[in-house]
Amino acid sequence: MHGISLIGVSCSLDDSVRNLEFAKSQGYKAMIGIHPWMADNREFPEDKFEHLLSIYQVSGFGECGLDTESPSLNLGDQVHLLSGEIEFACRHHLPLNLHVRKAHGEMVRLLRRYRSQGVNGAVHNFTFSQELARDYLDCGMYLSVGRHLLKKSRRLLTSMQFAGPDHILLESDYDHVHSGPYDPELIIKLAWVYAEIFGLSFETACVKLRNNVTNFLKGVNS
């Protein structure tokens with residue numbers, strides 16, 4: 001009814017295959033990728049992901065990124081892996097879904113390196129400062145905001161107002177370890193807060209958010 005878009009992200013090669021198979025049978029959009037917590041090698045297995053592109057409909061690359069608390073790869077190896085992933089995404093015109101934890105400086109530097117190659121996508125679970133919002137927007141990223149928006153922290157509201165309504169995505173991604181039971185009404189609640197922040201009617205907010213998702217998947221962030 002509200003035009004909610006279901007996009008399934010992946011955390012490993014095997015997870016990517018499962019996600020794509022399920023998406024094919026259930027009719028939703030799927031991304032492929034390697035989460036930094038699931039990475040076990042600094043080299044990106046490009047040939048295996050190329051194979052997935054040859055047999056499935058792929059909507060983006062992620063969840064991938066950098067995380068200083070990853071139990072598997074050190075940050076330097078993560079940067080090496082992510083460089084290969086970004087090059088792959090740029091070559092195939094796939095938007096990125098980025099996980100970043102305590103590594104924003106490294107991430108921004110990496111995105112700037114690939115800006116001329118058309119890197120684009122979204123920073124998952126954005127809760128950060130206006131300065132960091134500016135850096136990511138300059139790198140062609142959307143700010144993807146989740147459940148933390150319900151707390152209406154001044155820092156996040158300021159960042160969203162700076163970004164403007166055309167550069168925001170809403171997400172229902174949930175950390176079941178820390179978040180408790182999933183709230184099936186979460187996206188609707190987030191949309192109401194989004195509408196309030198930008199002084200929009202709920203209906204207008206939903207239209208704008210749908211357009212943002214469409215542009216995100218097309219690699220457009222004007």
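In this predicted model, helix α6, spanning residues 154–163, lies across strands β6 and β7 and runs at about 145° to β6. Five of its residues are named as buried, and they make a good starting point for a first look: Leu-156, Leu-157, Ser-159, Met-160 and Ala-163. These residues sit on the same side of α6, because they cover an arc of only 160° around the axis. The pattern fits a well-known property of helices: with 3.6 residues a turn, residues three or four places apart point the same way. The cover over the buried residues of α6 includes helix α5 (130–138), strands β6 and β7, and helix α8 (186–197). Just after α6 comes Gly-164, with a positive phi near 90°.

The sheet beneath this helix can be followed strand by strand. It is an open sheet of 7 strands in the order β1-β2-β3-β4-β5-β6-β7, with parallel pairing. At its edges are β1 (7–8) and β7 (168–170), each of which pairs on one side only. A second helix, α4 (residues 104–113), also packs on the sheet; α4 touches β3 (60–67), β4 (96–101) and β6, and its direction makes about 150° with that of β4.

Strand β6 deserves a closer look. 5 of the 5 residues of β6 are buried, so this strand is largely enclosed by the rest of the structure. Met-141, Leu-143 and Val-145 point one way from β6, while Tyr-142 and Ser-144 point the other way. Such alternation of side chains between the two faces of the sheet is what a regular strand shows.

On one side, β6 (residues 141–145) pairs with β5 (residues 121–123) in the parallel sense over 3 bridges. Within this pairing, Ala-122 has Tyr-142 as its bridge partner, and Val-123 is partnered by Leu-143. The chain passes from β5 through α5 to β6 in a right-handed β-α-β crossover. Strand β6 also pairs with β7, again in the parallel sense and over 3 bridges. Here the bridge partner of Leu-143 is Ile-168 of β7. The path from β6 through α6 to β7 makes a β-α-β crossover as well, and this crossover is right-handed.

Charged side chains add further links, with a count of 12 salt bridges. One of them joins Arg-42 to Asp-77, where the closest N and O atoms are 2.7 Å apart. This pair connects distant parts of the chain, 35 residues apart: Arg-42 is in the loop between β2 (29–32) and α2 (46–55), and Asp-77 is in helix α3 (residues 75–91). Arg-42 is partly exposed, at a relative accessible area of 32%. Together with Glu-43, Arg-42 and Asp-77 belong to a network of salt bridges.

Another salt bridge brings together the side chains of Asp-135 and Arg-112, at 3.3 Å from N to O. Asp-135 lies in helix α5 and Arg-112 in helix α4, so this pair ties together parts that are 23 residues apart in sequence. Asp-135 counts as buried at 14% relative accessibility, whereas Arg-112, at 48%, counts as partly exposed.

Helix α8 takes part in a salt bridge too, between Lys-152 and Glu-196, with the closest N and O atoms 3.2 Å apart. Lys-152 is found in the loop between β6 and α6 and Glu-196 in helix α8, 44 residues apart. Lys-152 is partly exposed at 39% relative accessibility, while Glu-196 is exposed, with a relative accessible area of 53%.

Definitions and conventions:
Residues numbered from 1 in each chain as written. Predicted model: local features only at pLDDT ≥ 70, side-chain atom pairs only at ≥ 80, totals over all residues. Heavy atoms only, no water. Pairing = 2+ DSSP bridges. Helix = DSSP H or I, 4+ residues; strand = E, 2+ residues; numbered from the N terminus. Contact = heavy atoms within 4.5 Å. Axes fitted to C-alpha atoms, helices over the stretch in contact; angles between N-to-C directions. Buried < 20%, exposed > 50% of the residue type's maximum accessible area, 1.4 Å probe, protein only. Arc of directions from axis to C-beta. Right-handed = clockwise from strand over helix to strand, strands pointing away. Salt bridge = Lys/Arg side-chain N within 4 Å of Asp/Glu carboxyl O.
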